[in-house]
Structure formats: C-alpha cells, structure tokens
Amino acid sequence: MISIKSQTMIDGMKRAGRLLRSIHEELQKRVKPGVTTLELDAFVESYLRQHGGLPAQKGYMGFPYATCASVNDEVCHGFPTNIPLKEGDILTIDMVISLDGYLADSAWSYALGNISEEAKELMEVTEEALLRGIAVANNGAHFGDIGVEIENFVRTHGFSVVRDFVGHGIGRKIHEDPQVLHYNAGIRGPKIRKGMVFTIEPMINVGDWKVKLDSNGWTARTRDGSLSCQYEHTMAMTDNGIWVLTDEGFNEETA
C-alpha cells in the first residue's frame with residue numbers, strides 16, 4: 001500500500017534533503033584521484049553527525065557503511081574501500097540520511113579528472129534520464145510512465161537500463177511502496193497522487209543491463225564489465241506538482 005505523507009512529513013523530509021544535498025556539494029570538493037572511498041565515507045558520517053543527522057542505511061539489513069560507493073563497473077551498493085581512486089574513474093555515491101527521524105535518499109556521480117568520452121556521455125545520459133523521469137512524474141501520470149520515458153531515451157544512446165534495482169517510496173522507512181521502474185514493464189501502475197513521496201534513480205550501463213553480485217552479497221556490478229552510472233533524487237507530489245526534496249535548486253529553476 002502506498003502511504004500518503006502529511007505536509008509535516010514532507011517538510012521534515014525536505015530539511016533532510018537539504019542536508020543531503022550539502023553533503024554531495026562537499027563531496028564535489030573532495031572527490032579526486034588519490035582519495036579513497038573509505039576516507040569519503042568517514043567524512044560523510046562525520047559531517048552528518050556534526051549537523052544533527054544520522055547515516056540511515058548504516059546497519060540497514062546489515063549494510064556496514066554510511067555510503068554506497070560504486071566505481072566504474074559497479075552498479076550500486078559498492079562497499080567503500082582503501083583503494084585510491086584514479087584518474088579516469090567514475091564514482092557514484094548513494095546514501096540515505098535521517099534528520100530528526102525524516103529520511104532523504106540521493107545519489108550523485110562524479111568524474112575523476114579527465115574521463116573517456118564514453119564515460120562522459122554515460123554520465124550525461126544518466127543525469128538526463130533522471131530529469132526526464134522527474135518531468136513525467138506530474139499530475140495525471142502513472143508510475144509506469146516514468147520507466148517508459150527513461151528507457152526510450154536511454155536506448156537512443158545505445159545504453160541499457162538496469163532492471164534488478166528500482167526506485168521506491170520512502171518516508172519513515174527507507175523502502176516503501178511503490179516500486180518505481182526505470183524501464184518499460186508494459187504496465188502503467190498506480191497513478192501519482194498528492195502526498196506520495198518516492199525516488200527515481202536510474203542505473204544505466206554502457207553494455208548489457210544484466211548484473212552480478214560480489215561475494216559480499218551487496219555490491220552489484222555489470223556482468224560484461226562495462227561502465228555503469230546512477231543519479232537519484234527523492235521527490236514529493238504536491239498541489240503545485242513534483243517537488244524535488246533533495247535539490248531545492250531544481251525546483252527554483254523549474255518554477
């Protein structure tokens with residue numbers, strides 16, 4: 001069942017989203033060759049706690065870190081490591097945070113110095129796919145319409161959409177109904193209504209969409225070793241349409 005959030009809940013999640021965006025902005029200054037994802041993870045947890053927040057995913061179903069740090073062919077749920085990032089890598093950092101009991105979930109991808117043209121196109125297409133999904137999620141749309149738009153766009157660039165991991169409702173819990181598919185499953189699904197809060201988080205591969213799990217039971221990577229990228233926002237349907245809780249700048253630009 002899809003829960004309808006009160007304005008109080010949405011306002012609380014908006015505050016959490018503002019803090020989460022500030023973390024990604026700080027990471028932009030720190031993601032560079034030579035830095036390790038374990039160092040970035042430690043920074044995130046320290047920054048969060050200094051600002052009254054908590055790493056909501058740490059300990060969730062046994063996940064041991066404040067962030068998911070996925071490099072190159074890692075699709076999602078990458079474990080932070082002590083391996084230094086290098087020139088040409090692409091890195092996705094995904095996290096769920098809690099502020100005063102309210103959650104926000106967002107992923108940004110980062111380029112390490114000079115990256116290949118293929119990697120650059122992948123990052124641009126993935127971010128645009130997210131924006132196109134957000135644009136579809138307006139009054140009168142159904143959740144299934146989001147996946148149709150994203151997959152149609154991604155295919156024009158010869159890339160593929162991961163099917164094993166999807167967007168989701170979010171509120172007091174990290175994962176709630178509905179599932180938000182990023183591909184065309186042939187069903188429109190529930191209508192998007194006022195008070196629904198959910199994520200859109202397309203994971204796009206250069207090659208085939210199929211993934212495999214590492215021995216840690218969490219980290220998914222492309223089966224064919226191709227590059228993967230993800231961007232994600234948390235958003236709420238309001239009287240004035242979609243409000244992106246993890247990027248107030250987006251709302252100002254589209255108002």
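What covers the buried residues of helix α4? I would like to start there, and please keep in mind throughout that we are looking at a predicted model. In α4, the buried residues are Phe143, Gly144, Asp145, Ile146, Gly147, Ile150, Glu151, Phe153 and Val154, and what covers them includes helix α3 together with the strands β6, β8 (176-180), β9 (197-200) and β10.

Two of those strands, β6 and β10, bring us to a small sheet. This is an open sheet of 3 strands, in the order β6-β10-β13, and its pairing is antiparallel. The strands at the edges are β6 (160-161) and β13 (228-230), and each has a single partner strand, so one side of each is left without a neighbour in the sheet. Helix α3, which spans residues 117-136, packs on this sheet by touching β10 and β13, and its direction makes about 35° with that of β13. If you look at the pairing of β6 with β10 (residues 203-205), you will find 2 bridges between these antiparallel strands, and there Val161 stands opposite Ile204 in β10.

Let me turn to strand β4, which covers residues 90-99. How many of its 10 residues are buried? The count is 10 of 10, so the strand is described as mostly covered. Ile90, Thr92, Asp94, Val96 and Ser98 point one way from β4, while Leu91, Ile93, Met95, Ile97 and Leu99 point the other way, and both sets are buried.

The neighbours of β4 are worth following in turn. Strand β1 (residues 53-55) runs antiparallel to β4 and is joined to it by 3 bridges, with Gly53 standing opposite Leu99. Strand β2 (residues 68-71) is also antiparallel to β4, with 4 bridges between them, and here Ala69 has Ile93 as its bridge partner. Between β4 and strand β5 (residues 102-111) there are 10 bridges, again in an antiparallel arrangement, and Asp94 is partnered with Ala107 in β5. The hairpin of β4 and β5 has 2 residues between the strands, and in it Asp100 takes a positive phi near 55°.

My last topic is charged side chains, since a search of the whole structure finds 20 salt bridges. One of them joins Glu45 and Arg49, at 2.9 Å from N to O, and both residues lie in helix α2 (residues 37-50), 4 residues apart, which is about one turn of the helix. Is each partner buried or exposed, or something in between? Glu45 counts as buried because its relative accessibility is 14%, under the 20% cut-off, whereas Arg49, at 47%, is partly exposed.

A second salt bridge is formed by Glu74 and Arg221, whose closest N and O atoms are 3.2 Å apart. This pair links distant parts of the chain, for Glu74 is in strand β3 (residues 74-76) and Arg221 is in strand β12 (residues 220-222), 147 residues apart. Glu74 is buried, with a relative accessible area of 14%, and Arg221 is buried as well, at 17%. Glu74 and Arg221 also belong to a network of salt bridges that links them with Asp73 and Asp214.

Finally, the side chains of Glu149 and Arg132 meet in a salt bridge of 3.4 Å, N to O, and this takes us back to where we began, since Glu149 lies in helix α4 (residues 143-155) and Arg132 in helix α3, 17 residues apart. Glu149 is partly exposed at 26%, and Arg132 is partly exposed at 31%.

Technical notes:
Residues numbered from 1 in each chain as written. Predicted model: local features only at pLDDT ≥ 70, side-chain atom pairs only at ≥ 80, totals over all residues. Heavy atoms only, no water. Pairing = 2+ DSSP bridges. Contact = heavy atoms within 4.5 Å. Axes fitted to C-alpha atoms, helices over the stretch in contact; angles between N-to-C directions. Salt bridge = Lys/Arg side-chain N within 4 Å of Asp/Glu carboxyl O. Buried < 20%, exposed > 50% of the residue type's maximum accessible area, 1.4 Å probe, protein only.
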